[in-house]
Amino acid sequence: MTNSYGSISQDPNANSISVERGSCFNRTPLIVLGVALTAFGIFIGSRSFLDGASPHGDALLSPSGYWPGGLYKIGGVLQSNSPLPVPQEIPTNTADAATKGWVRINEPCNPLLGEEWLYGGERSLNVSASVYFTPEVGDVAGVLSAIEVQYYGYVEENLVGTYFSEAKMSKDGPYHSLSVALRNGKKEDLCNAETPATTENSAYIMISPGMANKIVPPTEDSPELRSNWKEGSCIKSMGFHWATDVEKGADLTYKAENLVPIVPMYSSKNGAINGIFFAATSRKQSWPEGCPSRSFSCASPSLNMWDMSPGLTQVNAMPYYMCSNFCGDCQFTGADDGMFTTMHWFFKDTFFGPDPETCGDQEKPFCRSGKYPVMVTP
């Protein structure tokens with residue numbers, strides 16, 4: 001497992017390197033990430049992901065009709081002047097990306113992902129996520145085709161080569177990458193520079209294409225989801241979390257090394273996918289030591305692209321802990337430094353808007369089973 005600081009690297013110019021890898025819960029208010037976000041007033045709204053429309057009109061779609069119709073993330077860097085963790089709107093086509101500071105990097109198109117774009121054009125510890133687009137064709141913009149996160153530092157060694165790439169090098173040191181495809185590169189040419197991408201794409205999410213090739217079901221009623229994933233809590237503005245284990249599937253071992261590092265979230269209203277989060281089994285956010293855990297304005301100038309939080313503890317203790325996303329007998333072990341970090345991406349506007357994710361007006365993480373993690377008492 002790796003012991004330095006950010007998904008499948010597609011950097012043909014990067015040199016491969018060798019890196020050492022290295023009592024029942026009570027229903028008192030939980031100040032986990034989702035609740036903290038609500039407390040700070042960052043509700044952003046949503047429209048059904050099935051309608052293919054942008055939550056802000058067709059300005060993000062050129063032409064309209066592609067899935068996903070929007071892309072949002074929680075975290076710093078892109079709006080460093082914003083003192084609160086307001087979810088940030090990410091471009092869904094190349095025309096919008098170019099006007100918002102994203103730059104296509106000079107690397108060959110990846111047939112399973114598309115063409116890689118980075119905010120500011122340079123891969124770094126602070127800018128540790130990429131978006132991929134299909135090529136522009138004439139005056140028709142390319143469209144969103146994948147997301148990738150670069151993990152600097154520790155990753156689980158047993159997941160390298162299946163979920164994480166081999167180690168690559170950037171100016172800030174070694175990283176492993178984790179990719180999520182949003183279009184099916186086996187059924188369409190994501191590098192086609194002659195014909196624009198089809199508008200008739202349905203919701204599609206594949207983790208680590210070319211390696212694990214693990215499909216995330218787009219709806220909560222999927223037999224695959226219900227058979228091989230375990231339902232977790234519903235958190236306001238996010239939805240119902242589901243997770244799976246590389247060894248036992250839905251029968252989670254709660255070992256950090258076995259957690260599939262992508263956790264999908266589904267609508268409490270119609271079961272459609274709201275978004276996903278990338279999970280890291282170590283601290284990744286550069287939260288300043290002098291800033292209290294809830295002082296977003298204090299920490300904001302120092303933060304990178306991971307969620308705007310000091311991280312989630314492995315131990316079930318307030319205020320931020322990993323098992324807040326889970327239900328039942330959840331107690332993780334094996335996190336490198338006793339911490340988890342998440343990076344949330346949403347495919348629709350689940351906070352503000354006309355159709356926010358409310359989890360049935362539950363103010364606390366809610367488990368349909370009625371079973372909650374055991375909390376550690378001080």
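## Cavities, a buried strand and disulfides

The largest cavity here has a volume of about 70 Å³. Keep in mind as you look around that this is a predicted model. Besides the cavities, two topics are worth a tour: strand β16, whose residues 339-346 are buried, and the disulfides, which come to 5.

**Cavities**

- Lining the largest cavity are Y151, Y154, V155, E156, L159, F164, A256, L259, P261, A279, A280 and T281.
- That lining is made up of 10 nonpolar, 1 polar and 1 charged residues.
- The second largest cavity, at about 60 Å³, has a lining that includes L112, R183, K186, Y204 and N213.
- By class, the lining of this second largest cavity splits into 5 nonpolar, 4 polar and 2 charged residues.

**Strand β16 and its partners**

- Because 8 of the 8 residues of β16 are buried, this strand is largely enclosed by the rest of the structure.
- In a regular strand, side chains alternate between the two faces of the sheet.
- Both faces of β16 are covered, with M339, T341, M343 and W345 buried on one side and F340, T342, H344 and F346 buried on the other.
- Strand β14 (residues 273-280) runs antiparallel to β16 and is joined to it by 6 bridges; here I276 stands opposite W345.
- Strand β1 (residues 72-73) also pairs with β16 in the antiparallel sense, over 2 bridges, and K73 stands opposite W345.
- Strand β15 (residues 312-313) is antiparallel to β16 too, with 2 bridges, and L312 sits opposite F340.

**Disulfides**

- Counting bonded cysteines along the chain, the pairing pattern is 1-2, 3-9, 4-5, 6-8, 7-10.
- C109 and C191 are bonded with their sulfur atoms 2.1 Å apart, and the link is left-handed at -90 degrees about the S-S bond.
- This pair connects distant parts of the chain, 82 residues apart: C109 is in the loop between β3 and β4, and C191 in the loop between β8 and β9.
- Both ends of that link are partly exposed, C109 at 21% relative accessibility and C191 at 23%.
- C291 is joined to C298 at an S to S distance of 2.0 Å, and the torsion of about -75 degrees makes this disulfide left-handed.
- Its two cysteines are set apart by burial: C291 is buried at 10% relative accessible area, while C298 is partly exposed at 33%.
- C327 and C367 are bonded as well, S to S 2.0 Å, in a left-handed link with -95 degrees about the S-S bond.
- C327 lies in the loop between β15 and β16 and C367 in the segment after β16, so the pair ties together parts 40 residues apart in sequence.
- Both C327 and C367 are buried.

Terms used. Residues are numbered from 1 along each chain as its sequence is written. This is a predicted model: local features need pLDDT of at least 70, side-chain atom pairs count only at pLDDT 80 or more; totals for chains, interfaces and linings use all residues. Side-chain values use heavy atoms; hydrogens and water are left out. Buried means under 20% relative accessible area, exposed over 50%, partly exposed in between (1.4 Å probe, protein chains only). Helices (H or I, at least four residues) and strands (E, at least two) are DSSP runs, numbered from the N terminus. Two strands pair if DSSP finds at least two bridges between them. On a 1 Å grid over the protein atoms alone, a cavity is a set of points where a 1.4 Å probe fits but cannot get out, and a pocket is an open set with protein on both sides within 12 Å along at least five of seven lines; lining residues have an atom within 4 Å of a point. Grid points are joined across faces, edges and corners, and a volume is the space filled by probe spheres set on the points. Ala, Val, Leu, Ile, Met, Phe, Trp, Tyr, Cys and Pro count as nonpolar, Asp, Glu, Lys and Arg as charged, and the others, Gly among them, as polar. A disulfide is a pair of cysteine sulfur atoms within 2.5 Å.
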